[in-house]
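Me: Take a close look at the enclosed space inside this model, please. Then work outward from there to the other features.

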Amino acid sequence: MHSPSPHSLADLPIRRLNRGDLVPCADLCEDRGWPRDEHRWGLLLSAGTGYGIDAPDGKGLAATCLTTSYGPGLTAVGMLLVAGRYARQGIARRLMRHVMETEKGAPLALYATEQGRPLYEDLGFSPVGRAERVGGRWTPADPGDLPSTALSTSSVTTRPAAADDLQAMIRLDLTAFGADRTHLLARLPAFSDRLQVAEDHGELVGYAALWPSGPTAVVGPLVARDTAVAEALISDLAATTDRPLRIDVEHRHKELLGLLADRGLKPVSRTTVMTYGAADLPGDAARRFAPLTLATG
């Protein structure tokens, strides 16, 4: 059978995805060499809006893209995936243009891989930052070691989140992220293996989640008052799992990246933070250490 021509691909309808598309979405991830991550797809399809193109050969999806809206001020775009057999035929550009038109002028943000960045630049996106993915086996600090400079002056304690922490988490998150993520944060207790909050003299000053992705455990989102709080949250979450860790750290947080390297987490890959219709991301970047996933911004 001949592969469809670019013209015939351009005529394929774009439709909304739903939870019934969970397995085809995971199949497409696997096709591109990514973990299947059905658990993550379940969250993305319930909290966001998925767009897809059915494969003309009848075998699952040819392409996907997902948006997560945070109101009129920001929409995150992610999971722009094209099956290998339909790559380089213009389908990603068509799907992305459709998403941009559907969002009707809302500022957009995404994390671009090196391969995807030229397309986004051509569509008018501008780079505003970077994220460094680090991963590996967490090595706890030697009890005999002096604490890090960040923690030596810290009075921070962390504990598992309770139901009545949600409102304080939302308030802290709104300052850091700059847009309302209540619909995502409310899903974190069910989505995460562990949801941890940090306190300083009874004040909630940070939170982080740990969730499964294939053989690894991902830390994200990570919102914290400062590096000391971020380090404390990651360290206590790492103690709850035997899996290798993965975290996408905003590149400006060089102190945290250095601390993570000392604990055994090494650079894996890098993405470029890009925006369309906005000069930069909203919120307080100093408190925003890691996203929930790259797809949700």
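Reply: The largest cavity has a volume of about 140 Å³. The model is a predicted one. Counting cavities of 30 Å³ or more gives 1. Its lining takes in 17 residues, and those closest to the centre are Tyr111, Phe177, Leu281, Arg288 and Gly297. Two strands, S5 and S13, each supply at least two residues of that lining. S5 gives the most, with 3 residues. By class, the cavity lining has 12 nonpolar, 2 polar and 3 charged residues.

Next, the open space. The largest pocket holds about 1200 Å³. It is lined by 44 residues, and Trp34, Leu80, Leu81, Thr113 and Gln115 are the closest to its centre. Several elements give two or more residues to this lining: strands S4 (75-82), S5 (108-112), S10 (216-224), S11 (245-250) and S12 (266-276), along with H4 and H5. S4 gives the most, with 6 residues. The pocket lining divides into 23 nonpolar, 11 polar and 10 charged residues. S5 thus appears in both accounts: it gives two or more residues to the pocket lining, and it gives the most to the cavity lining.

S12 deserves a look at one residue. Val268 lies in this strand. Val268 is exposed, with a relative accessible area of 55%; the cut-off for exposed is over 50%. Leaving aside neighbours within four places in sequence, Val268 is in contact with Arg133, Val134 and Gly135. Its C-alpha atom is separated by 9.5 Å from that of Asp248, and the two residues are 20 apart along the chain.

Now a residue at the other end of the accessibility scale. Thr293 sits in the segment after strand S13 (288-290). Thr293 has 4% relative accessibility and counts as buried, because buried means under 20%. A polar atom of the Thr293 side chain lies 3.1 Å from the backbone nitrogen of Ala295. Not counting residues up to four places away in sequence, Thr293 touches Arg40, Leu44 and Trp211.

Two of those partners, Arg40 and Leu44, are among the buried residues of helix H3. H3 spans residues 38-47 and is mostly covered, with 7 of its 10 residues buried. Alongside Arg40 and Leu44, the buried set holds Trp41, Gly42, Leu43, Leu45 and Ala47. In an α-helix, residues three or four places apart point the same way, because there are 3.6 residues a turn.

Then the charged pairs. Side chains of opposite charge can pair when their charged atoms come close. The model has 17 salt bridges. One of them joins Asp54 and Arg15, at 2.9 Å from N to O. Asp54 lies in strand S2 (residues 49-54) and Arg15 in strand S1 (residues 15-16), so this pair ties together parts that are 39 residues apart in sequence. Both ends are partly exposed: Asp54 at 35% relative accessibility, Arg15 at 26%.

Another salt bridge leads back to elements of the pocket lining. Asp122 pairs with Arg93, and their closest N and O atoms are 2.7 Å apart. Asp122 lies in helix H5 (residues 117-122) and Arg93 in helix H4 (residues 91-102), so the pair ties together parts that are 29 residues apart in sequence. Asp122 counts as exposed at 51% relative accessibility. Arg93 is partly exposed, with a relative accessible area of 30%. H4 and H5 each give two or more residues to the lining of the largest pocket.

A third salt bridge links Asp226 and Arg225, with 3.1 Å between the closest N and O atoms. Asp226 is partly exposed at 27% relative accessibility. Arg225 is also partly exposed, at 33%. Elsewhere, salt bridges that share partners join Asp27, Glu30, Arg36 and Glu38 into one network. Glu38 falls within the span of H3, residues 38-47.

How values were computed
Residues are numbered from 1 along each chain as its sequence is written. This is a predicted model: local features need pLDDT of at least 70, side-chain atom pairs count only at pLDDT 80 or more; totals for chains, interfaces and linings use all residues. Side-chain values use heavy atoms; hydrogens and water are left out. A salt bridge is a side-chain nitrogen of Lys or Arg within 4 Å of a carboxyl oxygen of Asp or Glu. Helices (H or I, at least four residues) and strands (E, at least two) are DSSP runs, numbered from the N terminus. Buried means under 20% relative accessible area, exposed over 50%, partly exposed in between (1.4 Å probe, protein chains only). A polar contact is a pair of N or O atoms within 3.5 Å; within protein, one must be able to donate a hydrogen and the other to accept it, and residues adjacent in sequence count only if both atoms are side-chain atoms. Contact means heavy atoms within 4.5 Å. On a 1 Å grid over the protein atoms alone, a cavity is a set of points where a 1.4 Å probe fits but cannot get out, and a pocket is an open set with protein on both sides within 12 Å along at least five of seven lines; lining residues have an atom within 4 Å of a point. Grid points are joined across faces, edges and corners, and a volume is the space filled by probe spheres set on the points. Ala, Val, Leu, Ile, Met, Phe, Trp, Tyr, Cys and Pro count as nonpolar, Asp, Glu, Lys and Arg as charged, and the others, Gly among them, as polar.
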